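I opened a fresh page for this structure. Below are my notes, in the order I looked things up.

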Amino acid sequence: MKFLIVFVALFAIALAAPRPEVEIVRNDSDVGPESYNYAVATSDGTEHNESGQLKNIGSEDEAIVVRGSYTWVDEETGQQFTVTYVADENGFQPQGAHLPVAPVA
């Protein structure tokens, strides 16, 4: 019985061991008064790129249009996933091979 308790405790400690730390390998940004761009990448394969641009500047319809993508690697399968998106006056519009597609009306 003592062996089982010790074994379970050691197993729990092994599962709780910290994962290797993720490092930022790229962090670029360019922010201006009417637009911005940034890109971030980490050592685990995660990336995020985005750009934004004001449109209809100075009008009642002034809005920002954002385009970008983010990528990550699933820890269990090693599969890479990417989502590209546009966010504008029509809302957030993501696309990705792994995302469900709404049926055509």
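These entries go from the sheet to its strands and then to single residues.

**Entry 1: the sheet**

I began by noting that this is a predicted model. Next I asked in what order the strands of the open sheet lie. I read the order 1-2-3-4-5-6 for the six strands, with antiparallel pairing. I then looked for the edges and found strand 1 (24–31) and strand 6 there. Each edge strand has a single partner strand, so one side of each is left without a neighbour in the sheet. I also looked up the twist, which averages 10° from one strand to the next.

**Entry 2: strands 1 and 2**

I moved to strand 1 and strand 2 (residues 35–42). They pair in the antiparallel sense over seven bridges. I picked out two of the partners. Ser29 has Tyr38 in strand 2 as its bridge partner. Val31 is matched with Tyr36, also in strand 2. The link between strand 1 and strand 2 is a hairpin of three residues.

How many of the eight residues of strand 1 are buried? I found that the number is zero, so strand 1 lies largely in the open.

**Entry 3: the loop before strand 4**

I stopped at Asn56, which sits in the loop between strand 3 (47–55) and strand 4. Its phi is near 55°, a positive value in a residue other than glycine. I noted the background: most residues other than glycine have a negative phi. I also checked exposure. Asn56 has a relative accessible area of 41%, so I wrote it down as partly exposed.

**Entry 4: strands 4 and 5**

I counted the bridges between strand 4 (residues 63–73) and strand 5 (residues 80–88) next. There are eight, and the two strands run antiparallel. One facing pair is Gly68 and Tyr85, with Tyr85 in strand 5. The hairpin of these strands has six residues between them. Within that hairpin, Gly78 takes a positive phi near 75°.

I looked closer at Ser69, a residue of strand 4. Is Ser69 buried or exposed? Its relative accessible area is 18%, and buried means under 20%, so Ser69 is buried. I then listed its contacts, leaving out residues up to four places away in sequence. Ser69 touches Glu47, His48 and Asn49. Ser69 also touches Val83, Thr84 and Tyr85.

**Entry 5: strands 5 and 6**

I followed the chain on to strand 6 (residues 91–95). Strand 5 and strand 6 pair in the antiparallel sense over five bridges. A hairpin joins them through two residues. Val86 stands opposite Gln93 in strand 6.

I chose Asp88 for a closer look, and its place is in strand 5. What does the side chain of Asp88 reach? I found the backbone nitrogen of Asn90 at 2.8 Å. Asp88 also touches Ile64, Val65 and Gln93, not counting residues up to four places away in sequence. I checked one of these by C-alpha atoms. Asp88 and Ile64 are 24 residues apart in sequence and 6.3 Å apart in space. Asp88 has a relative accessible area of 21%, so I listed it as partly exposed.

**Entry 6: aromatic rings**

I searched the whole structure for aromatic pairs and got five. I noted how such a pair is described: by the distance of the centres and the angle of the planes.

I took Tyr70 and Tyr85, which form a tilted pair. Their centres are 6.0 Å apart, with 45° between the planes. This pair links distant parts of the chain: Tyr70 is in strand 4 and Tyr85 in strand 5, 15 residues apart. Tyr70 counts as partly exposed at 30% relative accessibility, whereas Tyr85 is buried at 7%.

Then I took Trp72 and Phe81, which form a stacked pair. I read 5.4 Å centre to centre and 25° between the planes. Trp72 is partly exposed, with a relative accessible area of 30%. Phe81 is buried, with 16%.

Which residues form one aromatic cluster? I wrote down Tyr70, Trp72, Phe81, Tyr85 and Phe92.

Note on methods: Residues are numbered from 1 along each chain as its sequence is written. This is a predicted model: local features need pLDDT of at least 70, side-chain atom pairs count only at pLDDT 80 or more; totals for chains, interfaces and linings use all residues. Side-chain values use heavy atoms; hydrogens and water are left out. Two strands pair if DSSP finds at least two bridges between them. Helices (H or I, at least four residues) and strands (E, at least two) are DSSP runs, numbered from the N terminus. Buried means under 20% relative accessible area, exposed over 50%, partly exposed in between (1.4 Å probe, protein chains only). Contact means heavy atoms within 4.5 Å. A polar contact is a pair of N or O atoms within 3.5 Å; within protein, one must be able to donate a hydrogen and the other to accept it, and residues adjacent in sequence count only if both atoms are side-chain atoms. Axes are lines fitted to C-alpha atoms, for helices over the stretch in contact, and angles run from 0 to 180 degrees between N-to-C directions. Rings of Phe, Tyr and Trp (its six-membered ring) pair if their centres lie within 6.5 Å; planes under 30 degrees apart count as stacked, over 60 as edge-to-face and the rest as tilted.
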